[in-house]
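With the model open in your viewer, please follow the stops below in order, making each selection before reading on.

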Protein chains: 4
Amino acid sequence: MIRRRIHPETSVSARRTEAFTDGVFAIAATLLVLGLTDQSLGAVQTNDDLARGLLTLAHPIFSFVISFLILCVMWMTHVRQFEWIVRVDDTGMWLNNIRLLLVVLVPFTSSLNTSYDGLLLGRILLPINFFLAIVVGWLQWVWAVRSGAIVDLTPDDARRMGRAGLSAVVISAAAVALSPWIGSLAFLLFALDGLVTRWLRGSDAPASSATDGGVGGRG
Amino acid sequence: MIRRRIHPETSVSARRTEAFTDGVFAIAATLLVLGLTDQSLGAVQTNDDLARGLLTLAHPIFSFVISFLILCVMWMTHVRQFEWIVRVDDTGMWLNNIRLLLVVLVPFTSSLNTSYDGLLLGRILLPINFFLAIVVGWLQWVWAVRSGAIVDLTPDDARRMGRAGLSAVVISAAAVALSPWIGSLAFLLFALDGLVTRWLRGSDAPASSATDGGVGGRG
Amino acid sequence: MIRRRIHPETSVSARRTEAFTDGVFAIAATLLVLGLTDQSLGAVQTNDDLARGLLTLAHPIFSFVISFLILCVMWMTHVRQFEWIVRVDDTGMWLNNIRLLLVVLVPFTSSLNTSYDGLLLGRILLPINFFLAIVVGWLQWVWAVRSGAIVDLTPDDARRMGRAGLSAVVISAAAVALSPWIGSLAFLLFALDGLVTRWLRGSDAPASSATDGGVGGRG
Amino acid sequence: MIRRRIHPETSVSARRTEAFTDGVFAIAATLLVLGLTDQSLGAVQTNDDLARGLLTLAHPIFSFVISFLILCVMWMTHVRQFEWIVRVDDTGMWLNNIRLLLVVLVPFTSSLNTSYDGLLLGRILLPINFFLAIVVGWLQWVWAVRSGAIVDLTPDDARRMGRAGLSAVVISAAAVALSPWIGSLAFLLFALDGLVTRWLRGSDAPASSATDGGVGGRG
């Protein structure tokens, strides 16, 4: 029933949308490291100098790790969604493009976060960037369900995955709200993703799936 | 009938041409963000300083968003074309290479556009870059139709897609013509793509395709 | 028997994990060259000046080549593992993400290695980076065997590949231990990979495989 | 007969070698543009200033175009070879890695070529880089023929493709020899590729293949 709705004449295979997305995520995640190599370590003569220099990099390195891991979370959500999406129409491609635009901005907002973490604005822009990307990701799933781009998934399962996808929206909204006070530490909320997912999805997950977590858990 | 013309001995599967293209587009689109991180925000001490600094970035950010979205338009056109092209010969690969050369130039002409938007030459080079890339893209479709690289598409549908592809050529030519006066705003013309496509293709689009737009609309 | 364990509801096809991994490795390996272009060659007026300038680049070029080749070793290990892994669950994807995080760090630790090779800390961080990435790669194979992500491989063969995978762990640990004394030369130990692999795997390799070496040798 | 030789136990599918290669080529080709954006255009106040500034970029832009197109030639050769190679063993992967190492060096030697084109050494390093990459590419085809990595191609056709592959080796050697005198113009020799290919391959090409050229021409 879901299957028949997407128009074969106005859609293309999702294969290249996946390839383009994998490429953009891979590059955005790798460009983050340029924020580390560009840092000046000052005049280094001894091991102690270098150790001190690397300690001043502690915050940039923490930002790098956090940004990298959240990009991974967002990429995994995309993978789980497109496990079921086989064709995309113009609307689906544009939602994906806007999602990627927000992904590409991450190295920029991440560098602002590192340079100006003493300021409210410096702290809040990176969480907002993640929040927007995650919201568009969730909208893309809503589009997929409505347009009939999903195959081999019952409407019930599709809705349950949508509710599970809300988990990341809720968590990233909370991270935005907390970031003025606790800065990048707010991103540690993402560790709760599995828990919130389970709660939003209800108690219908299969008891046997020990590694169950995130949007990927389909009961 | 179209199918039999391309020579199996002098052509290769289009799969890797697609992979190379997706990679180049993904990297060119992601490199655009380096134009933002490189910008100096001046001496920032307070939230107001940072807000002011980001406001001076308004134009670079606008350029970034526009360039990213037009690269997406060009990538989507490529995807729609290669949905039907399964093999490429030397001519097809060289047309693709020149198309990608023009794509790779975009971060450069985009940075010129940002730095020298007060000058005629600064304003016009980015639209010309897009225009040339789009023309080569259209030539590639002409090649595909003539060489028999297209499968599973009637000659009529192929020609109709070619006319639809002209839409981007017409719009980007108009953007070149208008850019000396209105600068990057000229790119907003691309929002008319769906409309011009429908007009060029004639009124034979299926009434049922609500999300119909761009080259992808095949009646 | 191995096949039945991974949960189809909580796992996705490994295809995109492979694509993301290939992208990250390709970018990390290519970014290494930026460490060369950024080097100042001083004031160059004559061929002799340029030759002298390039000679001062001898160490950065050596570091570039070594880092590139070890990234290739790590990528080949990933390819050999995923030749048998067809689906990944959350645990498998996170192990892969952490592996890639360590891969992405290589251009940074490689630049430290080039700039501070006179210092103990400068010498040891790059080998540690490789060691950690290789350990996580080995853990991913352990996960694959236990979770049932592997198909078409007998448990015996899977265990033998695991032992062969230990080869890189042992060699990179030795490289960490030797690097304070001999610096980047410690990486030449990787040339022993084939030998150590054969030794760890036992003498059950097929006599016919002349090009046999590394994790890929499956008897 | 060719088919049976490669050892299924010590080889993997060539699919990911292709993906890694496409990624490295795409990134190396796109990084070339950074050589343009980094150029200083001087103090630009008027259209004339900008036009003069861009004219001083004429040589870097020419280098960029030439390097991009030769990377395309090398990528096309790879595509044509791997159209027939379905599995790779350790030797095949290492030949590919060294080929990619030389590809990754191109943005570096290309920047040397731009900065020091007045010096013999500055002129000759880029052609040498291309020459070495092309030789390794030709060695990879020799390996493929000998190891039995090729399928669906008669030994005669495989040898004929090898002879055709020699065309690029001969041309790039000539470019090295001429570059001290005519610099980057030596690369225009690559336009003769089709001609030299036909001559090396003998006159057995099918008369019907009008677009025939390069290694791709298989009679």
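Start by selecting D:Ala168, which sits in helix α7 of chain D; keep in mind throughout that the model is predicted. D:Ala168 counts as buried because 27 C-beta neighbours lie inside 10 Å, the cut-off for that class being 20 or more. Setting aside residues up to four places away in sequence, D:Ala168 touches D:Val73, D:Thr77, D:Ile134 and D:Asp193. If you then draw a C-alpha to C-alpha distance to D:Asp48, 120 residues away in sequence, the separation in space comes to 42 Å.

Now extend the selection to the whole of helix α7 of chain D, residues 155–182. At 1.5 Å a residue its 28 residues should span 40 Å, and the end C-alpha atoms are indeed 40 Å apart, so the expected and computed spans agree. Where along α7(D) does a kink lie? A kink of about 30° lies at D:Val176, shortly before the proline D:Pro180. Colouring by burial will pick out a set of buried residues in α7(D), among them D:Arg160, D:Met161, D:Ala164, D:Gly165, D:Ile171 and D:Ser179; D:Val176, the site of the kink, is also buried. Following α7(D) comes D:Gly183, whose phi is positive, near 60°.

Next, show α4(D), residues 58–82, together with α6(D). These two helices pack at an angle of about 5°, with their axes 11 Å apart, and they are therefore roughly parallel to each other, since angles under 35 degrees fall in that class. On the α4(D) side the contact is made by D:Ile70, D:Met74, D:Thr77, D:His78 and D:Gln81, and these meet D:Phe130, D:Ala133, D:Ile134, D:Gly137, D:Gln140, D:Trp141 and D:Ala144 in α6(D). Sorted by class, the contact of α4(D) with α6(D) has seven nonpolar and five polar residues, and no charged residues. Two names here return from the opening stop, for D:Thr77 and D:Ile134 are among the residues that D:Ala168 touches.

Keep α6(D), residues 120–147, on display and add helix α3 of chain C, residues 47–56. The axes of α3(C) and α6(D) are 8 Å apart, and the helices pack at an angle of about 50°, which means that α3(C) is oblique to α6(D). The contact is made by C:Asn47, C:Leu50 and C:Ala51 of α3(C) and by D:Leu120, D:Leu121 and D:Gly122 of α6(D). By class, this contact has four nonpolar, two polar and no charged residues.

Remaining in chain D, select D:Ser11, whose place is in strand β1, residues 11–13. Is D:Ser11 buried or exposed? D:Ser11 is buried, because 24 other C-beta atoms lie within 10 Å. Leaving aside neighbours within four places in sequence, D:Ser11 is in contact with D:Ile6, D:Arg87, D:Val88 and D:Asp89. D:Met76, by contrast, is 65 residues from D:Ser11 in sequence and 24 Å from it in space, C-alpha to C-alpha.

Move to chain B and select helix α5, residues 90–115. The 26 residues of α5(B), at 1.5 Å a residue, should span 38 Å, and the end C-alpha atoms are 38 Å apart, which agrees. A kink of about 40° lies at B:Val106, shortly before the proline B:Pro107. Because 22 of the 26 residues of α5(B) are buried, this helix is largely enclosed by the rest of the structure.

In the same chain, B:Leu132 is found in helix α6, residues 120–147. With 17 C-beta neighbours inside 10 Å, B:Leu132 counts as partly exposed. Its C-alpha atom is separated by 20 Å from that of B:Asp117, 15 residues away along the chain.

Finish in chain A, which has eight helices and two strands, arranged along the sequence as β-α-α-α-α-β-α-α-α-α. Buried residues make up 57% of its 219 residues, and among contacts between residues at least 6 apart in sequence, 77% join residues at least 24 apart. Select A:Ile171 in helix α7, residues 155–182, which counts as buried with 24 C-beta neighbours inside 10 Å. Apart from residues up to four places away in sequence, A:Ile171 touches A:Leu189, A:Phe190, A:Leu192, A:Asp193 and A:Val196. The C-alpha atoms of A:Ile171 and A:Leu189 are separated by 6.5 Å, although the two lie 18 residues apart along the chain.

Note on methods
Residues numbered from 1 in each chain as written. Chains lettered and ligands numbered in written order. Predicted model: local features only at pLDDT ≥ 70, side-chain atom pairs only at ≥ 80, totals over all residues. Helix = DSSP H or I, 4+ residues; strand = E, 2+ residues; numbered from the N terminus. Expected span 1.5 Å × (residues − 1). Bend = angle between axes of the 7 residues up to and from the residue. Buried ≥ 20, exposed ≤ 12 C-beta atoms within 10 Å, placed from the backbone. Contact = placed C-beta atoms within 7 Å. Axes fitted to C-alpha atoms, helices over the stretch in contact; angles between N-to-C directions. Parallel < 35°, antiparallel > 145°, perpendicular 65-115°, else oblique. Nonpolar A, V, L, I, M, F, W, Y, C, P; charged D, E, K, R; others polar.
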